[in-house]
Amino acid sequence: MISPNRTEMMWFALGLVWFVLVGPLLIGLSMELGLWPKLSFWIAFLYVLIWVLLTGIGFSLYSRRVAREMGMGGLVVTVIWIGLAILLARGLLVAFRLVGH
């Protein structure tokens with residue numbers, strides 16, 4: 001498998017920083033401000049959406065390069081990874097929705 005280059009790693013790192021540091025801090029701040037019970041679905045939705053967008057850019061750049069360099073076999077592996085990321089994002093969104101109720 002081909003290693004991600006610097007640009008792709010930057011997008012993955014931004015997604016990780018959002019997922020681990022920035023997003024939870026913003027969710028905690030929204031709880032302190034009393035926004036969590038009223039807007040919990042939308043806050044969780046934006047949290048997951050921004051994470052998916054940041055990492056999705058990295059995945060799309062990586063998949064284009066893998067398909068160009070390795071052909072269809074490399075693209076199949078990349079599509080599987082992208083599918084797993086989408087399933088994880090959907091699971092997180094459902095979990096946040098259930099916590100709000």
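These questions and answers walk through a predicted model, from its helix packing to single residues.

Me: How are helix 1 and helix 2 oriented to each other, parallel or antiparallel?
Reply: Helix 1 covers residues 6-32 and helix 2 covers residues 36-70. They pack at an angle of about 175°, and their axes are 8 Å apart. Angles over 145 degrees count as roughly antiparallel. The two helices are therefore roughly antiparallel.

Me: Which kinds of residues make up the contact of helix 1 with helix 2?
Reply: The helices pack with their axes 8 Å apart. The residues of their contact divide into three classes: 2 charged, 6 polar and 18 nonpolar.

Me: How many aromatic pairs are there?
Reply: Ring centres must lie within 6.5 Å to pair. By this rule the count is 5.

Me: What is the geometry of the aromatic pair of Phe19 and Tyr47?
Reply: The centres of the Phe19 and Tyr47 rings are 5.9 Å apart. Their planes make 15° with each other. Planes under 30 degrees apart count as stacked. The pair is stacked.

Me: How many residues apart in sequence are the parts that Phe19 and Tyr47 tie together?
Reply: Phe19 sits in helix 1. Tyr47 sits in helix 2. The pair therefore links parts separated in sequence by 28 residues.

Me: Is Tyr47 buried or exposed?
Reply: Its partner Phe19 has 26% relative accessibility and counts as partly exposed. Tyr47 has a relative accessible area of 6%. The limit for buried is under 20%. Tyr47 is therefore buried.

Me: Which residues form one aromatic cluster with Phe19 and Tyr47?
Reply: Phe19 and Tyr47 make a stacked pair. They belong to one aromatic cluster, and its other members are Trp18 and Trp51.

Me: Which helix gives the most to the largest nonpolar core?
Reply: The largest nonpolar core has 9 residues, among them Trp18, Ile27, Tyr47, Leu54 and Ala89. Helix 1 and helix 2 each supply at least two of its residues. The top contributor, with 6 residues, is helix 2.

Me: How many residues are in the second, separate core?
Reply: This core stands apart from the largest one. Its members include Ile2, Phe59, Tyr62 and Val66. The number of residues in it is 5.

Me: Which residues does Leu54 touch, not counting those up to four places away in sequence?
Reply: Leu54 is part of the largest nonpolar core. Trp18 belongs to that core too. With residues up to four places away set aside, Leu54 touches Trp11, Leu14, Gly15 and Trp18.

Me: Which residues is Thr55 in contact with, leaving aside neighbours within four places in sequence?
Reply: Thr55 lies in helix 2. It is buried, with a relative accessible area of 10%. Its contacts beyond those neighbours are Trp11, Phe12 and Gly15.

Me: How far apart in space are Ala13 and Thr55, C-alpha to C-alpha?
Reply: Ala13 is in helix 1. At a relative accessible area of 38%, Ala13 is partly exposed. Thr55 is in helix 2. The two are 42 residues apart in sequence, and their C-alpha distance is 8.1 Å.

Me: What separates the C-alpha atoms of Ser60 and Trp18?
Reply: Ser60 has its place in helix 2. It is partly exposed, with a relative accessible area of 35%. Along the chain, Ser60 and Trp18 are 42 residues apart. Their C-alpha atoms are separated by 18 Å.

Me: Is Arg90 buried or exposed?
Reply: Arg90 is found in helix 3, residues 72-100. Its C-alpha atom is 9.8 Å from that of Phe45, 45 residues away along the chain. Exposed means over 50% relative accessible area. At 60% relative accessibility, Arg90 counts as exposed.

Key. Residues are numbered from 1 along each chain as its sequence is written. This is a predicted model: local features need pLDDT of at least 70, side-chain atom pairs count only at pLDDT 80 or more; totals for chains, interfaces and linings use all residues. Side-chain values use heavy atoms; hydrogens and water are left out. Axes are lines fitted to C-alpha atoms, for helices over the stretch in contact, and angles run from 0 to 180 degrees between N-to-C directions. Helices (H or I, at least four residues) and strands (E, at least two) are DSSP runs, numbered from the N terminus. Angles under 35 degrees count as roughly parallel, over 145 as roughly antiparallel, 65 to 115 as roughly perpendicular and the rest as oblique. Ala, Val, Leu, Ile, Met, Phe, Trp, Tyr, Cys and Pro count as nonpolar, Asp, Glu, Lys and Arg as charged, and the others, Gly among them, as polar. Rings of Phe, Tyr and Trp (its six-membered ring) pair if their centres lie within 6.5 Å; planes under 30 degrees apart count as stacked, over 60 as edge-to-face and the rest as tilted. Buried means under 20% relative accessible area, exposed over 50%, partly exposed in between (1.4 Å probe, protein chains only). A nonpolar core is a set of buried Ala, Val, Leu, Ile, Met, Phe, Trp, Tyr and Cys residues joined through side-chain atoms within 4.5 Å. Contact means heavy atoms within 4.5 Å.
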